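Visitor: I'd like a close look at a single part of this model, with enough of the surroundings to place it. Pick the part where the nonpolar side chains gather, and take your time.

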Amino acid sequence: MKCIKILLFVGFLVSSLTFGQKTKTDSLPPSSLPFKYKSLIIPTALITYGIIGLESHQLKFINSDIKNEISEHIDTKFTIDDISQYSPFLSVYGLNAIGIKGKNNFKDRTVVLGTAYLIMGTTVNVVKKVSNEERPDGSSKNSFPSGHTATAFMGAEFLYQEYKDVSVWYGITGYVVAAGTGFFRMYNDRHWLTDVTAGAGIGMLSTKIAYWIHPWVKRTLFKDGETMDGLVMPFYNGKEWGVGISMGF
């Protein structure tokens, strides 16, 4: 386990050097995402499944069955999900840093990301307090929904939207990482399946909403800022992993 933790730390350090980005606004024009009702289907279905699972005895049985099945085949925890949750959206800055440009410039994509993070974080924390769902390991009663999974799927949708016109495989890779994050939340006995599905839906929907309202956010809050300095950098304080976003206009 010590070797695994060291490898994870080295990998996170490398990602810090690669994805940490401080730059002036680049030359690409801003772009928003047009609203489409069809875009609501998948995230809404995931969230609905999770919410129904709070009361449904059948879905609770499925949760327990999956937990027991996973527990039978593991003998140790593997906490890569603490890092992988950030990988999809950090990849956007990493790709831009090496010259592979996405849909939006630094300012616009960072405003979209900040908006999505605010929507996702607020939603997750409010729902956690309201649902009062006990974690599979019994450690606390803030299991529903999975914040790690919500962060990962928020980032995966962000990566997809920024790079789908360059190559759809960027987005697919992001979603694979996000799905892996959700799996490891169950693997590590921190969340039920319904927590993970709801978190995935919230994450995806938060990013979609951020793109839909971006023109209004930019026009209302950032109308005077034509240029911007910014820094996106992961951090570790000895106990918790996180990501810091700083913007200066």
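Guide: I'll start with the whole chain, move into the core, and then follow what surrounds it. First, the ground rules: this is a predicted model, so local features need pLDDT of at least 70 and side-chain atom pairs count only at pLDDT 80 or more, while totals for chains, interfaces and linings use all residues. Numbering starts from 1 along each chain as its sequence is written, and side-chain values use heavy atoms, with hydrogens and water left out.

The protein chain has 10 helices and three strands (DSSP runs numbered from the N terminus: H or I of at least four residues for helices, E of at least two for strands). Their order along the sequence is α-β-α-α-α-α-α-α-α-α-α-β-β. Of the 249 residues, 46% are buried (under 20% relative accessible area; exposed is over 50% and partly exposed is in between, with a 1.4 Å probe and protein chains only). Among contacts (heavy atoms within 4.5 Å) with a separation of 6 or more, 80% join residues 24 or more positions apart.

Now for the part you asked about. The largest nonpolar core holds 22 residues, where a core is a set of buried Ala, Val, Leu, Ile, Met, Phe, Trp, Tyr and Cys residues joined through side-chain atoms within 4.5 Å. Phe 89, Val 92, Tyr 93, Leu 113, Met 120, Met 154 and Phe 158 have the most contacts inside this core. Two or more residues come from each of helix H5 (87–97), helix H6 (106–131), helix H7 (147–163) and H9. H6 is the top contributor, with six. As a general point, nonpolar side chains tend to be buried together in soluble globular proteins.

H5 is a good place to look in. Eight of its 11 residues are buried, namely Pro 88, Phe 89, Leu 90, Val 92, Tyr 93, Gly 94, Leu 95 and Asn 96. Take Val 92: setting aside neighbours within four places in sequence, this residue touches Arg 109, Phe 158, Leu 159, Glu 162 and Tyr 163. After H5 comes Gly 99, with a positive phi near 100 degrees.

On to H6, where Val 111 sits. Val 111 counts as buried because its relative accessibility is 4%. Beyond neighbours within four places in sequence, its partners are His 214, Val 217 and Phe 222. Val 111 also lies 10.0 Å from Leu 221, C-alpha to C-alpha, although 110 residues separate the two in sequence.

The loop from H6 to H7 has a couple of backbone oddities. Asn 132 belongs to this loop and has a positive phi, near 55 degrees, without being a glycine. At 44% relative accessibility, Asn 132 is partly exposed. Pro 145 is in the loop between H6 and H7 too, and a cis peptide bond joins Phe 144 to Pro 145, with omega about -5 degrees. For context, most residues other than glycine have a negative phi, and most peptide bonds are trans.

In H7 you'll find His 148, buried at 17% relative accessible area. Leaving out neighbours within four places, His 148 contacts Asp 81, Asp 82, Gln 85, Thr 181 and Arg 185.

Further along, Asp 189 is in the loop between helix H8 (168–187) and H9. Asp 189 is another non-glycine residue with positive phi, near 65 degrees, and its relative accessible area of 19% makes it buried.

That leaves H9, the remaining helix on the core's list. H9 (residues 193–212) packs against helix H2 (residues 41–52) at about 150 degrees, with the axes 7 Å apart; the axes are lines fitted to C-alpha atoms over the stretch in contact, and angles run from 0 to 180 degrees between N-to-C directions. H2 brings Ile 42, Pro 43, Leu 46, Ile 47, Tyr 49 and Gly 50 to this contact, while the H9 side includes Leu 193, Ala 198, Ile 202, Met 204 and Leu 205. By class, the contact has 11 nonpolar, four polar and one charged residues (Ala, Val, Leu, Ile, Met, Phe, Trp, Tyr, Cys and Pro count as nonpolar, Asp, Glu, Lys and Arg as charged, and the others, Gly among them, as polar).

One last neighbour: Asn 63, from helix H3 (residues 57–72), is buried at 4%. Outside its neighbours within four places, Asn 63 contacts Trp 192, Leu 193 and Thr 194.
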